[in-house]
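Reader: I'd like to go through this structure with you, starting at the metal. Could you put it up first?

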Protein chains: 2
Amino acid sequence: MVSINPNSKVDEDLVKEKEAAFAEFIQRRGLKTTRQRNTIVSTFFRMKGHISVEELLVEVKKANPRIGYATVYRTLHLLVESGLVEERRFGDGLARYEGHSAVEHHDHMICLECGMISEFYNPRLEALQEKLAEENNFEIYRHRLELYGACKDKEACQARKKQKEARAQGA
Amino acid sequence: MVSINPNSKVDEDLVKEKEAAFAEFIQRRGLKTTRQRNTIVSTFFRMKGHISVEELLVEVKKANPRIGYATVYRTLHLLVESGLVEERRFGDGLARYEGHSAVEHHDHMICLECGMISEFYNPRLEALQEKLAEENNFEIYRHRLELYGACKDKEACQARKKQKEARAQGA
DNA sequence: TGGAATACGAAAACTGTTTTCATTACCGAA
DNA sequence: TTCGGTAATGAAAACAGTTTTCGTATTCCA
Ligand SMILES: [Mn+2]
Ligand SMILES: [Mn+2]
Ligand SMILES: [Zn+2]
Ligand SMILES: [Zn+2]
């Protein structure tokens, strides 16, 4: 298993690279470069984690309070189309976006007690999926694997887990 | 890989069993037995596949046209709480429910060209996930694995796939 | 069988997201 | 540079799926 660098600093050079890649995408598609898109994109790439629209908007507004939801949504769609960002949904009903360390595929473990999201990648798991698809005459475009559970090494998470169990007993 | 019986007839005895289990759950929770719940539950267990609320409501209305959305939603929640039914979301924005062959865990392959959803279960895959969780100090409550792609053996799916590729080229 | 506790159904409310539409900004051609 | 057509913006309305509300009807036990 390869655990993915959980506390990486946002690398300024990498950010610049992504911004350039997005600019190029905009060109290629014949779209226009705008102040708002630049603000949103550069804000996004400087944040880390799995970012919701709301979270992004809050940051964006610090740079330019006039930017609204619509433009953030629209720009995120462009980022996804450009391939620089991926959309995730972890079952809490809101879309989350990630791009800083990404592009490389990875899967997720989500702690339902503390909300922590950690990333992992395992080649054997990937290969096994391919094999299963093969056997089923299926061609995989992409996949999604999410493990939902609890941190074993955080006391708070274990405590909450036990609380829930007790409550379930009573019900 | 174990492919899961894709064309199973709905087994009348099994349905009765599930209905009884639900009735028992209702008792245990001090809730009331109602005409509507009975209709919804027995309709649900007689359908197969991954059923949306809309789809279920259509069937339910055939038995009792006065039953509305709210009661269907409420009853589905109870079915989920009872453990007899699982909620799924395959990314098209609507909740789907399954219970007929289920309770046993399985994962899904979803064809993005024709909408086909097939089920599979592989013990090695399951074991590998456990191992990865273990290594990460993580305790899995449940997981979700979905392979999105295309049927290799359906001409229509392959044709659509190529259309998309061509379109993407042009853009 | 009376009556409190539940459940029902229609409609309103909600949430996250998308669309509309009037206005403004971009940018290549002149 | 300026112009002008095209694209983008932002506020607000629309949307889709789901949940809640609230007045009425049903269940079921004392
Ligand atoms: Mn991630
Ligand atoms: Mn299934
Ligand atoms: Zn945790
Ligand atoms: Zn297909």
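Reader: How are the donor residues of the manganese ion (ligand 2) spaced in sequence?

Author: This is a predicted model, where local features need pLDDT of at least 70, side-chain atom pairs count only at pLDDT 80 or more, and totals for chains, interfaces and linings use all residues. Residues are numbered from 1 along each chain as written, chains are lettered from A and ligands numbered from 1 in written order, and side-chain values use heavy atoms, leaving out hydrogens and water. Donors here are N, O and S atoms within 2.8 Å of the metal (3.2 Å for Na, K and Ca), and with no water among the atoms, sites may look incomplete. The donor spacing reads H-x47-E-x7-H-x1-H-x10-E.

Reader: Are H50(B) and E98(B) buried or exposed?

Author: H50(B) sits in the loop between α2 (35-46) and β2 (51-52) of chain B, and E98(B) lies 48 residues away in strand β4 (residues 95-98); helices (H or I, at least four residues) and strands (E, at least two) are DSSP runs, numbered from the N terminus. Taking under 20% relative accessible area as buried, over 50% as exposed and in between as partly exposed (1.4 Å probe, protein chains only), both residues are buried.

Reader: Which side chain has an N or O atom 2.5 Å from a base nitrogen of DNA strand C?

Author: Y73(A) has a side-chain N or O atom 2.7 Å from a phosphate oxygen of that strand. R66(B) uses a polar backbone atom, 3.3 Å from a phosphate oxygen. For the base nitrogen, the side chain is that of K32(B).

Definitions and conventions
Polar contact = N/O pair within 3.5 Å; in protein donor to acceptor, adjacent residues only side chain to side chain.
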